[in-house]
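Let's take a walk through this one together, a stop at a time. Have a look at the sequence and the fold before reading on.

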Amino acid sequence: MDLETFLNRTQENPVEFLSLQPLLQFMGDGGKLKMGQLLSVYPPFIARESADGVSFKAVSMFDRLGFLADFARQIAEIPEGTKIEIKVVNVPGDEI
């Protein structure tokens with residue numbers, strides 16, 4: 001789609017078109033994003049378990065983009081429907 005179409009669709013229904021529901025839920029629960037932060041979601045929306053609920057956390061955009069790139073690389077060749085295990089690693093100084 002071209003830029004004009006994108007901007008028009010964004011103005012018509014921003015929440016649906018940009019899938020802002022998770023951000024609105026995070027903010028409704030008192031969460032705030034600072035400049036340079038993105039919303040982290042666990043379990044990832046591509047996981048069946050996310051249908052049972054997810055947790056949100058504001059994280060550095062560099063950490064979030066790095067995680068997503070690494071995650072995408074790891075699952076790129078896995079057939080749809082394959083069960084995977086996500087190992088959560090506690091990073092020093094990070095609260096889970």
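Which residues make a nonpolar surface patch of about 550 Å²? Before we get to that, some housekeeping: this is a predicted model, where local features need pLDDT of at least 70, side-chain atom pairs count only at pLDDT 80 or more, and totals for chains, interfaces and linings use all residues. Residues are numbered from 1 along each chain as its sequence is written, and side-chain values use heavy atoms, with hydrogens and water left out.

Now the patch. Leu38, Met61, Phe62, Leu65, Phe67 and Leu68 are the residues that build it. A patch here takes residues with over 30% relative accessible area and no salt bridge, joining like charges within 9 Å and nonpolar side chains (Val, Leu, Ile, Met, Phe, Trp, Tyr) within 5 Å. The areas themselves come from the Shrake-Rupley method with a 1.4 Å probe, and for residues only the protein chains shown count as cover. Helix α4 supplies the largest share of the patch, 5 residues.

So let's stay with α4, which covers residues 61–75. Helices (H or I, at least four residues) and strands (E, at least two) are DSSP runs, numbered from the N terminus. The helix has 15 residues and spans 21 Å from its first C-alpha to its last, close to the 21 Å expected at 1.5 Å a residue; the expected span is 1.5 Å times one less than the number of residues. At the start of α4, a side-chain oxygen of Ser60 comes to within 3.1 Å of the backbone nitrogen of Phe62. That is a polar contact, meaning a pair of N or O atoms within 3.5 Å; within protein, one must be able to donate a hydrogen and the other to accept it, and residues adjacent in sequence count only if both atoms are side-chain atoms.

Further along the helix there are two side-chain pairings to look at. Start with the aromatic one. The structure holds 2 aromatic pairs. One of them joins Phe67 and Phe71, stacked at 5.7 Å centre to centre with 10 degrees between the planes. Rings of Phe, Tyr and Trp (its six-membered ring) pair if their centres lie within 6.5 Å; planes under 30 degrees apart count as stacked, over 60 as edge-to-face and the rest as tilted. Phe67 and Phe71 are 4 residues apart in α4, about one turn of the helix. An α-helix has 3.6 residues a turn, so residues three or four places apart point the same way. Buried or exposed, then? Phe67 is partly exposed at 38% relative accessibility, whereas Phe71 is buried at 14%. The bands are under 20% relative accessible area for buried, over 50% for exposed, and partly exposed in between (1.4 Å probe, protein chains only). From Phe71, you can also look across to Ile86: the two are 15 residues apart along the chain, and their C-alpha atoms are separated by 9.7 Å.

The other pairing in α4 is a salt bridge between Asp70 and Arg73, with the closest N and O atoms 2.5 Å apart. The term means a side-chain nitrogen of Lys or Arg within 4 Å of a carboxyl oxygen of Asp or Glu, and by this rule the count comes to 1. Asp70 and Arg73 sit 3 residues apart, again about one turn of the helix. Asp70 is partly exposed at 31% relative accessibility, and Arg73 is exposed at 57%.

Next, step back to the loop between β1 (37–42) and β2 (55–60), where Ser50 is found. Ser50 is buried, with 14% relative accessibility, and its side chain reaches the backbone oxygen of Phe45 at 3.3 Å. Pro43 lies in this loop too. A cis peptide bond joins Tyr42 to Pro43, with omega about -5 degrees. Val54 is another loop residue, partly exposed at 23%; its C-alpha is 9.9 Å from that of Ser40, 14 residues away along the chain.

One last backbone stop is Ser19, in the loop between α2 (14–17) and α3 (21–28). Its phi is near 50 degrees, a positive value in a residue other than glycine. Most residues other than glycine have a negative phi, and most peptide bonds are trans. Ser19 is partly exposed, with a relative accessible area of 48%. For a sense of where that loop sits, take Phe56 in strand β2, which is buried at 18%: the C-alpha atoms of Phe56 and Ser19 are separated by 15 Å, with their positions 37 residues apart along the chain.
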